[in-house]
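Open the model in your viewer and keep the sequence panel beside it. We will go from stop to stop, with something to select at each one.

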Amino acid sequence: MGKKWMRAIMAVLVCLELAGCAGEPQSSMAQEERGPYTDGTYTVRMPEYDQDGWREYGTVTVTNGYIAEVDYDALNETGGKKSQDSSYRDEMAVGNAVNDLPAAYPEQAYADLITAFQIAQYNPERVDTVAGATVSSQNFKRVMAALMEQVKKGSPGETALPLYQDGVYEVQMPDYDSGWQDFVQVTIAGGEVEKVEYDGRDEEGALKSADEKYQKDMIAGNAANGLPETHPADYAQKLIDSFLASGRTEEIDGVAGATISTNRFKKLMKHALANARLGERETATAPLFEDGQYRAQMSEPADGWTEFVLLTIQDNAISQIVFDAQDEQGNYRSKSLLLADAEPDPSAIYPAIIEEFIQKQYLPEEMETVAGASRSTSHFKKLVTAALENALYGSQETATVDE
């Protein structure tokens with residue numbers, strides 16, 4: 001008899017573990033957390049379109065008090081679904097291959113996330129990230145958490161997530177300057193920017209805004225250079241007020257006499273707000289260079305050709321360097337058939353100068369002059385320096401350099 005009872009108990013335990021032998025599926029979740037819910041369709045969307053033009057969303061349909069259907073996808077501005085976009089699928093496959101990631105297509109990634117969500121009894125915290133679809137996995141968990149809150153409240157309909165997630169977000173500059181490391185701290189409450197602090201710390205943690213000597217030296221230095229009087233506490237408040245007036249880093253007004261600090265504030269705010277979108281609350285360090293393409297060119301042409309440098313920055317590193325010259329029609333000097341027999345050969349000297357720059361660890365001041373190309377080497381050093389200066393703060397304006 002004892003063995004029969006043991007077999008019966010084990011059968012019941014196995015039955016429960018496999019989500020029920022018959023009738024309503026079983027779960028370790030409390031009954032009120034599983035339902036019954038208010039019938040209807042519940043939809044939550046991401047707060048904005050991403051850089052590729054897609055806006056992810058999740059939908060839960062409740063029928064007869066219980067979840068009957070779960071959907072997750074993304075729409076573009078014309079209503080097209082990401083899971084059905086073959087061109088996006090091809091681009092994602094190529095991008096993942098380049099970065100040694102699995103070929104996680106949207107249709108399959110979304111399906112895997114939904115299945116994991118259902119297996120987890122609609123608990124998004126228990127959903128693992130899909131390899132090759134990290135961002136979509138993060139978005140999915142955030143959207144589904146908000147969706148389940150709506151379902152439990154019994155409020156069918158459509159809503160959007162707030163742009164920012166509540167918390168305190170701090171980002172600091174990558175290094176110290178004159179003994180100070182500038183930082184921004186942004187407090188988000190109710191999905192909105194509640195407070196912004198901009199200051200600098202020394203290695204002991206003392207604040208720049210409280211340093212009387214720094215304040216006096218800055219005021220005196222500005223006066224000597226014909227610049228308006230300002231100091232850390234003053235320009236910080238002006239920059240913060242300018243941001244709060246619009247809520248956009250692109251519309252922050254610069255403070256006269258504090259140009260570098262203005263650029264740093266914009267840079268730090270950009271990264272702090274990006275972290276607030278993702279809910280990444282750990283103190284972060286801003287990259288030295290901002291991703292993008294940066295062009296610098298000589299202010300005047302020489303013999304009809306204007307030399308230029310175009311740098312591509314990716315993941316805080318130089319990924320591509322172009323050094324050449326163009327005429328008024330946009331033709332490249334290195335490819336001009338008229339200069340095929342020129343000495344030195346443009347198609348050879350420009351790559352040689354770039355190689356010298358790479359060999360010297362991307363330090364223009366350490367470069368040696370390339371034989372037969374002293375003028376172009378001198379131009380390159382000025383141009384690449386100007387392009388890198390723009391990359392520090394993400395300025396996309398073409399820099400012009402004098403002879």
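**Stop 1: a pair on helix α6**

Start by selecting Lys213 and Asp217 and showing their side chains: a salt bridge joins them, with the closest N and O atoms 2.8 Å apart. Keep in mind that you are looking at a predicted model. Both residues belong to helix α6, and because they are four residues apart there, about one helical turn separates them. Now switch on the surface. Lys213 counts as exposed, at 58% relative accessibility, while Asp217, at 43%, counts as partly exposed.

**Stop 2: a buried pair**

Next, select Asp182 and Lys208. Here too there is a salt bridge, and its closest N and O atoms are 2.8 Å apart. This pair ties together distant parts of the chain: Asp182 sits in strand β6, Lys208 in the loop between β7 and α6 (212-224), and their positions lie 26 residues apart in the sequence. Are these two buried or exposed? Asp182 is buried, and Lys208 is buried as well.

For another salt bridge, select Glu251 and Arg248, whose side chains meet at 3.3 Å, N to O. Glu251 is partly exposed, with a relative accessible area of 43%, and Arg248 is partly exposed too, at 41%. Then go back to Asp182 and add Asp177 and Arg264 to the selection: salt bridges with shared partners join Asp177, Asp182, Lys208 and Arg264 into one network. In the whole model, the count comes to 16 salt bridges.

**Stop 3: the sheet around β6**

Stay with β6 and switch to a cartoon view. What is the order of the strands in this sheet? The sheet is open, has four strands in the order β7-β6-β5-β8, and its pairing is mixed. At the edges are β7 and β8 (284-285), each of which pairs on one side only.

Select residues 181-189 for β6 and 192-201 for β7. These two strands are antiparallel and pair over nine bridges. To see one partnership, pick Phe183 and look across to Asp199 in β7, its bridge partner. Then follow the chain round the turn: β6 and β7 make a hairpin with two residues between them, and Gly190 in that turn has a positive phi of about 60°.

Now look at strand β5, residues 167-172. It pairs with β6 in the antiparallel sense, over six bridges. Select Glu170 to find the residue opposite, Gln185 in β6.

**Stop 4: strand β10 and its partners**

Move along to residues 306-314, strand β10. How many of its nine residues are buried? Seven of them are, so the strand is mostly covered. Strand β9 (residues 292-298) pairs with β10 in the antiparallel sense over six bridges, and Gln293 has Thr312 in β10 as its bridge partner.

β10 also runs antiparallel to strand β11 (residues 317-326), joined to it by nine bridges. Select Leu310 and you will find Val322 of β11 opposite. The β10 and β11 hairpin has two residues between the strands, and Asp315 takes a positive phi near 55° there.

**Stop 5: two loops with positive phi**

Select Asn64, in the loop between β2 (55-63) and β3 (66-75). Although Asn64 is not a glycine, its phi is positive, near 55°. Asn64 counts as exposed, at 67% relative accessibility.

Then jump to Tyr122, in the loop between α4 (106-119) and α5 (134-153). Tyr122 is not a glycine either, yet has a positive phi of about 65°. Its relative accessible area is 24%, so Tyr122 is partly exposed.

**Stop 6: a buried loop residue**

Select Val370, in the loop between α9 (346-359) and α10 (374-393). Val370 has a relative accessible area of 15%, and because the cut-off for buried is under 20%, it counts as buried. Add Ile353 to the selection: it is 17 residues from Val370 in sequence, with the C-alpha atoms 6.3 Å apart in space.

**Last stop: a charged patch**

Finish on the surface with Asp50, Asp52, Asp90 and Glu91, which gather in a patch of negative charge. Of these residues, select Asp90 to see its place in helix α3 (residues 86-98).

How values were computed: Residues numbered from 1 in each chain as written. Predicted model: local features only at pLDDT ≥ 70, side-chain atom pairs only at ≥ 80, totals over all residues. Heavy atoms only, no water. Patch = residues over 30% accessible without salt bridge, like charges linked within 9 Å, V, L, I, M, F, W, Y side chains within 5 Å. Areas by Shrake-Rupley, 256 points an atom, 1.4 Å probe, with all protein chains shown as cover. Salt bridge = Lys/Arg side-chain N within 4 Å of Asp/Glu carboxyl O. Lys, Arg positive; Asp, Glu negative; His and termini not counted. Charge placed at Lys NZ, Arg CZ, Asp CG, Glu CD. Buried < 20%, exposed > 50% of the residue type's maximum accessible area, 1.4 Å probe, protein only. Pairing = 2+ DSSP bridges.
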